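Colleague: Could you take a close look at one part of this model for me, the place where its two domains meet? Please explain each term as you go.

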Amino acid sequence: MTAARDVVVTGLGATTPLGGDAPSTWAAALAGESGARTLDNDWAEKYELPVTFAATIKVAPSEVLSRPEIKRMDPSTQYAMVAAREAWADAGSPEVDGERLGAVVSSGIGGIWTTLDGWDTLKERGARRMLPMTVPMLMPNSPVAYVSLELGAQAGAHALVSACASGAEAIGYAVDMIRTGRADVVVAGGTEATIHPMPIAAFAASRTLSLRNDDPQRASRPYDVDRDGFVIGEGAAVLVLESAEHAAARGARVYAKIAGVGLSSDAYHITSPDPEGKGQVAAMRRALEDAQVTGADVVHVNAHATSTKVGDLTETKSIRTLLGAEADHVQLSATKSMTGHLLGGAGALETLFAVKAVQERLAPPTINVDNPDPELQVPLVRNTPEKLPDGDIVAVNNSFGFGGHNVALVVASA
Amino acid sequence: MANTEQEILEGLAEIVAEETGLPTDAVVPEKSFTDDLDIDSLSMMTIVTHAEDKFGVRIPDEEVKNLTTVGDAVKFIAGAQG
């Protein structure tokens, strides 16, 4: 049953390591492709980087955006614009009063290319050479600001920051905007462009990156016993969310509903999840309650699973704690095995995957799991997609971020 | 090394085209940056920064407001290179 202020998904857009748009990204995910590759530059030698690969974007924005757009947007904004334009067109470019249209697009890190390029310019050439667009390019709300300009979104433009949960939190906030009547349509998602030697060195310093330099495509392996860290990725995903009432009135195609949002914070450690998974369980429980569904309704979870030793297992433990025996009926997918970790873009891309999974009744695979971790507590979709049941179904996307941020979104069939 | 006014015009047109997406042949001496080419103040300062770099001159902020047309800018740069 659908109520007027229910939130439905009517448009999808993405640019990722797997493809330059949402359909090609989804097709590559179902095919079990990896977006990781050896970096085609001299960073490893120049900076002694211990990591020589990443999941770089498949289609350069310069192939899609105009030259002036490229020059005045940080790459994080470029990716968001590509994804937002696709999502908007995919939704049928809805006729909506600007005051009823919102935008929520997050980045976990912000315009770091612009920040660091600006610093290089200052050091090497002085303040006279600093470009006037530097501040509007580096600010973390730049992606959403440009999206709001593009679409004329005047109900509010927001950029919530919660590290690797940012993209999911953006979608959660957009849901609230629609439910509370502040907007009828909201363009929401996440973006990240951090494949730059400084953040790679910084993540490597925190010992969170995979060092499998000799085999990049096999490096991201959530739940495999030999996982050794995440693969840094880049890109953006954007969804068009709409009140069910508004979508019905214009006869829009509906992919699925965002039926529940659950948020929590660990207040445990700046980077490590609470080993008991208390915050993760709370986020998922709140999301299910918000959606008015139970654990028995959940058929699929898109895991946050980044391919780190501790994080992956904490999450399956949390799922088992919350769902108990019902977790046996869950098809768990760790799509970062293919996309790498898009950081602030991850939660949006994985929500997009959960939406497509529910719509097409197909859970995407987890690749590279040669030897599943014996402590894995939930059935894992490996190598090829798994069919999801017919009828009313519910999926959950989990996204967790450094700082102890937990976001769970419930995606329900339309 | 001084450029001819024609070289400065061509170089400036390339900078304006990069910044605005306009074709280089739209950037002619009689065009006004704001009224004809729709260049806002931030874009104007970006063009100035690139022009200083390209032509090896200094265009002081107080001078920029006097550069109404493309031709004004070409003349100023030529004079500054003098």
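Modeller: What follows is a description of the contact between the two domains.

This is a predicted model, in which local features need pLDDT of at least 70 and side-chain atom pairs count only at pLDDT 80 or more, while totals for chains, interfaces and linings use all residues. Residues are numbered from 1 along each chain as its sequence is written, chains are lettered from A, and side-chain values use heavy atoms, without hydrogens and water.

Chain A is divided into domain 1 (7-249) and domain 2 (261-413), with bounds that come from an automatic or database domain assignment. Taken over C-alpha atoms, the centres of domain 1 and domain 2 of chain A are 21 Å apart. In contact (heavy atoms within 4.5 Å) are 64 residues of domain 1 of chain A and 58 residues of domain 2 of chain A. Between these domains about 4600 Å² is buried, 66% of it from carbon and sulfur atoms; buried area is the accessible area (1.4 Å probe) that two parts lose on being put together, summed over both. On the side of domain 1, A:Trp26, A:Tyr223 and A:Arg227 lose the most area to domain 2, together 21% of what that side buries.

Across the interface of domain 1 and domain 2 of chain A, the rule finds five salt bridges, each a side-chain nitrogen of Lys or Arg within 4 Å of a carboxyl oxygen of Asp or Glu. A:Asp370 forms a salt bridge with A:Arg221, and their closest N and O atoms are 2.8 Å apart.
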